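Thanks for coming. I will go through one structure today, starting with a pocket, then the cores, then one helix.

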Amino acid sequence: MAAQFVPYTPDVEDDDPNFDQNLQTVIEKTESYIAESVKDGGTGRALRDAHAKGYGLVRGQVEILDGLPPEYAQGIYATPGTHDALIRFSNGSPHAGADARLGAATGLALKIFDIPGPTLLEDEPDTGTFDYANINGPIFFCNTVEHYLFIQELFLNASAYFSQGRPGAHRFFTEFVTGKGTLDQDNWAWDEFLAFLRLSKTPPANILLSSYWTMGAVRHGDYIAKVRITPDPSFAAAVVRRDIDPTSAAEVFRPALVAELQERPYAFDIQVQLCTDLERMPVEDTTVEWPEQLSPPVTVAKLRLPQQDISGPENLEKMDALSFTPWRVTAEHAPLGNIMRARKEVYRQSSIARHKLNKQPRTEPRSADEALGLA
């Protein structure tokens, strides 16, 4: 069975000679946006440059399953057991404000506690935490840091474009495809643009009913994978507030989440999809959805959310103080590809800048109780 899965080797990633130079530009733009968001973001605080609006900090528990096939029992999933966890649900936009203005892209950031072994963050190797930063789409709209330079700028200024009606939208789309005039016609960003259109058409849904992907590839021990966090069907069937209309009120996602968790527990499945074909399941092209016919996702853990009350303002305050990054993982789960590699330093510098501006201590909690102020 193992022979059908592509083994991980370092050469599955491409080397970009301009990576460091382009990355530094992205970091500078990110830090500038975060600094300006204190005045311009509408909250009086520095915002994240993505997933700026959080919908709730939820206590959870991750149960790593016993008896997994050896190809899936890799890294942290090789040791069955139960770990405390925290989940930050959020909108994907870099802006805050009414839900109707922010679109239907939502995120699930997961922090698992008491994971042995050093993380891949050199400035905090011994935190004992393990993060996922997933979004409700299986693909991403950017493949290189060079493309991210202009896509980031467009997204940070999207409201200015779309406030001008159809002409502004046309200009946004044109500048997306052409890289703001920097790309040769043969290299226009059509794949990225089509991926963006697909994600932008995601219908709004109760965030408990969405699936959340890593988008980019990650190591899975000896193999290559994408990870999906998807609703447990039996718990999803019990959700009452299924239809979400962002135009019905300024806040729709958080109230639905709060009400559901006040009434009943919930659960997701953490699933691993192993790569079987680097051509059809590429590492460097995040606009390609990996076909499930080639490799169906396999459940390796349960993410359980107990019945709880997250309605208070202190929940949002504690959520705002946390940071999540796909690089707070052990080496067996390293993110793969240039876009995933760029997220390492962009997320780190973004977190440092935001915590400094908001005068928050930037410390990684050792337990869910500590993060929630109960330790």
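**Pocket, cores and a helix**

The lining of the second largest pocket breaks down by class into nine charged, six nonpolar and four polar residues. Keep in mind that this is a predicted model. The volume of that pocket is about 410 Å³. Of the 19 lining residues, those nearest the centre are Thr 43, Ala 52, Lys 53, Gly 54 and Asp 320. Helix α8, residues 313-321, gives the largest share of the lining, with four residues.

Now the cores. In soluble globular proteins, nonpolar side chains tend to be buried together. Here the largest nonpolar core has 51 residues. Phe 89, Leu 110, Phe 268, Ile 270 and Leu 305 have the most contacts inside it. Elements that each supply at least two residues of this core include strands β1 (54-64), β2 (81-91) and β8 (266-274), as well as helix α7 (253-263). Which residues does Ile 270 contact, leaving aside neighbours within four places in sequence? Among them are Val 62, Tyr 77, Leu 110, Val 227, Ile 229, Val 300 and Leu 303.

A second core, separate from that one, has 21 residues, including Ala 158, Phe 172, Val 177 and Leu 199.

Last, helix α4, residues 165-178. Its 14 residues, at 1.5 Å each, should span 20 Å, and the end C-alpha atoms are 20 Å apart, so the two agree. The buried residues of α4 are Gly 168, Ala 169, Phe 172, Glu 175, Phe 176, Val 177 and Thr 178. They pack against α2 (145-156), α3 (158-162) and α5 (190-200). Just after α4 comes Gly 179, with a positive phi of about 65°.

Note on methods
Residues are numbered from 1 along each chain as its sequence is written. This is a predicted model: local features need pLDDT of at least 70, side-chain atom pairs count only at pLDDT 80 or more; totals for chains, interfaces and linings use all residues. Side-chain values use heavy atoms; hydrogens and water are left out. A nonpolar core is a set of buried Ala, Val, Leu, Ile, Met, Phe, Trp, Tyr and Cys residues joined through side-chain atoms within 4.5 Å. Buried means under 20% relative accessible area, exposed over 50%, partly exposed in between (1.4 Å probe, protein chains only). Contact means heavy atoms within 4.5 Å. On a 1 Å grid over the protein atoms alone, a cavity is a set of points where a 1.4 Å probe fits but cannot get out, and a pocket is an open set with protein on both sides within 12 Å along at least five of seven lines; lining residues have an atom within 4 Å of a point. Grid points are joined across faces, edges and corners, and a volume is the space filled by probe spheres set on the points. Ala, Val, Leu, Ile, Met, Phe, Trp, Tyr, Cys and Pro count as nonpolar, Asp, Glu, Lys and Arg as charged, and the others, Gly among them, as polar. The expected span of a helix is 1.5 Å times one less than its number of residues.
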